[in-house]
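Me: I am new to this structure and would like to understand why its parts are described with the words they are given. Could you take me through some of those words with care?

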Amino acid sequence: MRCAYSLRLPSVSPSGLGSAVVQVQVEFYVNENTFKERLKLFFIKNQRSSLRIRVFNFCLKLLTCLLYIIRVVTDNPGQGLLRKVLLLNALSGRELIFWVDRKVPVWAIQVIVAIISFLETMLLMYLSYKGNIWEQIFQVSFLLEMINTVPFIITIFWPSIRNIFIPVFLNCWLAKCALENMINDVHRAIQRTNSAMFNQVLILICTLLCLVFTGTCGIQHLERAGKNLSLFNSFYFCIVTFSTVGFGDVTPRIWPSQLLVVIMICVALVVLPLQFEELIYLWMERQKSGGNYSRHRAQTEKHVVLCVSALKIDLLMDFLNEFYAHPRLQDYYVVILCPSEMDLQVRRVLQIPLWSQRVIYLQGSVLKDQDLLRAKMDDAEACFILSSRNEVDRMAADHQTILRAWAVKDFAPNCPLYVQILKPENKFHVKFADHVVCEEEFKYAMLALNCVCPATSTLVTLLVHTSRGREGQQSPEQWQRMYGCCSGNEVYHIRLCDSKFFGEYNGKSFTYASFHAHKKYGVCLIGIKSEDNKSILLNPGPRHIMAATDTCYYINITKEENSAFIFNQEERKGRPAGGIYDGPSQLPVHSIIASMGTVAMDLQNTSPPDVSGGKLVPPTVNGTGSRRPSIAPVQELADSASILPCDLLSDQSEDDSVFTDEKDHSSTEYVKGYPPNSPYIGSSPTLCHLLAEKAPFCCLRLDQGCRHNSFEDAKAYGFKNKLIIVSAETAGNGLYNFIVPLRAYYRPRKELNPIVLLLDNPPDNHFLEAICCFPMVYYMAGTIDNLDSLLQCGIIYADNLVVVDKESTMSAEEDYMADAKTIVNVQTMFRLFPSLSIITELTHPSNMRFMQFRAKDCYSLALSKLEKKERDKGSNLAFMFRLPFAAGRVFSISMLDTLLYQSFVKDYMILIARLLLGLDTTPGSGYLCAMKVTEEDLWISTYGRLFQKLCSSSAEIPIGIYRTESHIFSTSESQVSVSVDDCEDTKDRGDESRSNDQSDHPLLRKKSMQWARRLSKKSVRWQGVSRDSSKDHAQRIAQQRLNLYRRSEREELSELVRNRMRHLGLPTSGYDEQNDHQNTLSYVLINPSPDTRLELNDIVYLIRSDPLAHVPEVPPVHSSSLKERHESSIDTREDTQL
């Protein structure tokens, strides 16, 4: 190859002046410019030209084999020239092996082909010569060429041997070699590198064909001297022999042909196993790597790609169950791209027919374009990139996720990206992705809301899981049936103009539409998105007028498109109906048809209420003629005189005296504003309660005094509200999202709970700078497995303890043992502080069954069996009936993986979840809060009436109920307790309690007996001192021994805590040893039916409208209903200082 480079060299005359410039053209060559190198470039090195030569050579070999078959077909040993030769020489029939009847045209063509093949072989031998001529001469391919070409060339000069036999059929092996070289050149020309499996299959097929063809031609020729088999009979014999069938109807008769059969079988036994071994090895490697997803399938079928570092069975099943729970995704394929080899559990699952036809596993790296091409990433409908949360170094796991996201975006810029990130500070690196879920942001915000809105984690988890509400419907427990049915509610969307649910409320207020849609259809309208404003607004309030182009977001058991509307007989006849909820018979009845996920709704009369007589007429109370207060109707349009505003900004009467009763806090001043220091890039600005001046870092330390104050424990601060304690390993940036929702501007000041961060490692100054502007936020170094640390941080004054999963324990040799330390520590705290609400984060959801573990609790055993039944039925929420999860006391971040998966179908789910949790604040959008139903509120009676009351009075939208019920559990360790006072009871009762202790507390009994023996040893010394009083001492010791024997575990633990408090100098009066949660169970009802009865202490989840969205000019007169909650709202209005 020659390159046209030109070089101009100046030529200078001796005088150096006025000389002409002489141009010299120099040609540079990439290869040596010789005749041999040019031939080598054409025949060997150049891919395209060498490919043409190999194709030509392959065709020549096939032509020689075809000519041989023609010669055999036209050959007749008993006629023609061959017969004359045989008669003249009087030779035996065995001479037919050496001589054949070759027609002249066939001979001429064979000679020409032989000459061309000979010349080509000699030329290639010359070009590939590397100094060892004998090595090239003794190559098998060269020897075969000489055997099949040289005799034909000799017959040109020696006509008498023109009919000599030449084994031209051996050229099939040369054709096989030429085909292999040709395929290699093809793959090299098109840059295809993943064709090893194809090559090996091709080699095996060619080897089998060559063996059969060689044996057929060889046996046919040798049997000319014997039975004179035809070519077809020889082929039949070879197939029968190589297939090990051996019918025996066709057999070779002479020993040369029999010897050839033996040789061919031996060759087959040696060559074929080697070929099969290589093929099996490549097939196994292909199975490990997963092969390819063909381009044809990618263009005709829809698929998504799942990219993970290590594929665990739990993650895989969560993804598949949630992804394929949506009907329109049933025809999608899932291509998994993972760098590690598929483990045994995953392999077994993917062999199930349900998944084997839908899931394709490819072993490869996202950072390699070759592997992305195998997964056809550029044709994928979406790419999910999940982080490895079980890594010890979560920052390194995020870095890998970021690189994967960049690689996919570079290779397939149009492929939608769904990225899961762990650390919030890394979120801005993947902001180009279509959807991003930051694990620590959601985790801490959800745990924070759990402290003020119980079981928020359960509420959100149920909303983001796909379910049909069939769980627990076969259970005899009423709460399980209600809880399972309501768990099927999810968030859906529809345009107002296309909706049967909301279409009739065009031009009405949002609150009016939400109430009447719930009354009529049982759906809960929670938010809208206007066409001119692309932001989703949760409960924009009554001043928002519904438009036909609005997108409505609602909570329901299924979407409207899957609903069948069944009108009752009254509406069909067109008779007018009465007022709103005139009687029990007018309540809507919702019958859920489980088949095909369709909901049939019986529609009752929903005509607008008569304003003149629209007041509810509640039934009589206790049979008397007195009536309960009525509920005002919800107005079609906003009326400032009838709406209780959610304004927290207009009255400062309470602010000046909020902290006047607290020690040294009379001068503390709070303002509202945006936190000045964000710990990471990308945090959403939220209006919060802030200190007027930043607190010094030394004042943030709870257990150490400083020059500003001398407090060294939580008791000394004199907090009015209960503490919220957070136990974490380090003060990561995600912990900032725990503080912000609890200090949001819409939280009343007098309801702000002090926050204590119990950290294993002291925080750095960067984190302290971010939190020093928030009021009542402290930290302390300590661990939850240290009782002294818990007591010093004020655990006896806390209502909630949040235990965050530690990064250092997320990985273990046995995966599910990662939660072992956390579970045991929480169980210890549950025994030490039974009245404390402990909210725990676990790595694996399956470990929640060990929370608040009771070894002999039959009820927990029944729940375990129910969980197994629901899992066998294919439920995605089999763990939902576990009491800690239902009560919101345990949470695993892996439960929120489905939030990212659902966003593929519902692209609004991440934004709605962020608005509910307070991670994002959109102007005009409401927030999640809760209210408690007291005795004064029970007159409202039903959830539907409560919905009307809230909509008409304060424009709040209820979305669910957190219900706590008394429940009698079976006898367990925590319940078997005999106090010292019980020893004075009758003998029978004492014997019964002792039997319970012996059966349920063997270790406790043994320990008590040891203490009794020690006291007995001491009594011997006392007897030596005063023998006169020995009888009294013996009786006293016996009584103490009996008391210790009957002493309960609860009393031992209480005494242990009190002793440690005395040792630390803490007062013991605040320690409450009673367990408030022992005989209760709690659960969440999402969007219950309107006729659901309210119960005492029900906590109602509300979406309250944004206080900053509208401030009324004239303070309205508030009604007397919901007295306590409304007085709280009035008393806690505040000014905003921005």
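Me: What makes β19 and strand β20 (residues 777–781) a pair?
Reply: In this predicted model, two strands count as paired if at least two bridges are found between them, and β19 and β20 are joined over 5 bridges in the parallel sense, so the pairing condition is met. Within β20, Ala 781 is the bridge partner of Leu 759.

Me: What makes the unit of β19, helix α24 (residues 765–771) and β20 right-handed?
Reply: With the strands pointing away from the viewer, a path from the first strand over the helix to the second must run clockwise to earn that word, and the β-α-β unit made by β19, α24 and β20 is assigned as right-handed.

Me: How do you know that strand β19 (residues 755–759) is mostly covered?
Reply: A residue is called buried when its relative accessible area is under 20%, and 5 of the 5 residues of β19 are buried, so by that cut-off the strand is mostly covered. Ile 755, Leu 757 and Leu 759 point one way from β19, while Val 756 and Leu 758 point the other way, and all of them are buried. In a regular strand, side chains alternate between the two faces of the sheet.

Me: What makes strand β18 (residues 723–728) a partner of β19?
Reply: Since at least two bridges are required, the 5 bridges over which β18 and β19 pair in the parallel sense satisfy the condition; Ala 728 in particular stands opposite Leu 759 in β19. The chain crosses from β18 to β19 through helix α23 (residues 736–742), and this β-α-β crossover is right-handed.

Me: Why does one side of β5 (359–363) and of β8 (435–438) lack a neighbour in the sheet?
Reply: The open sheet of 6 strands, with parallel pairing, has the order β5-β4-β3-β6-β7-β8. β5 and β8 stand at its edges, each with a single partner strand, so one side of each is left without a neighbour. Neighbouring strands of this sheet are turned by 15 degrees against each other on average, direction ignored.

Me: How do you know that strand β3 (residues 303–307) and strand β6 (residues 382–385) are paired?
Reply: The 4 bridges that join β3 to β6, which run parallel, satisfy the requirement of at least two, and Cys 383 in β6 is the bridge partner of Val 305. Helix α16 (residues 394–411) packs on the sheet, touching β6 and β7 (417–421), and its direction makes about 170 degrees with that of β7.

Methods
Residues are numbered from 1 along each chain as its sequence is written. This is a predicted model: local features need pLDDT of at least 70, side-chain atom pairs count only at pLDDT 80 or more; totals for chains, interfaces and linings use all residues. Side-chain values use heavy atoms; hydrogens and water are left out. Buried means under 20% relative accessible area, exposed over 50%, partly exposed in between (1.4 Å probe, protein chains only). Helices (H or I, at least four residues) and strands (E, at least two) are DSSP runs, numbered from the N terminus. Axes are lines fitted to C-alpha atoms, for helices over the stretch in contact, and angles run from 0 to 180 degrees between N-to-C directions. Contact means heavy atoms within 4.5 Å.
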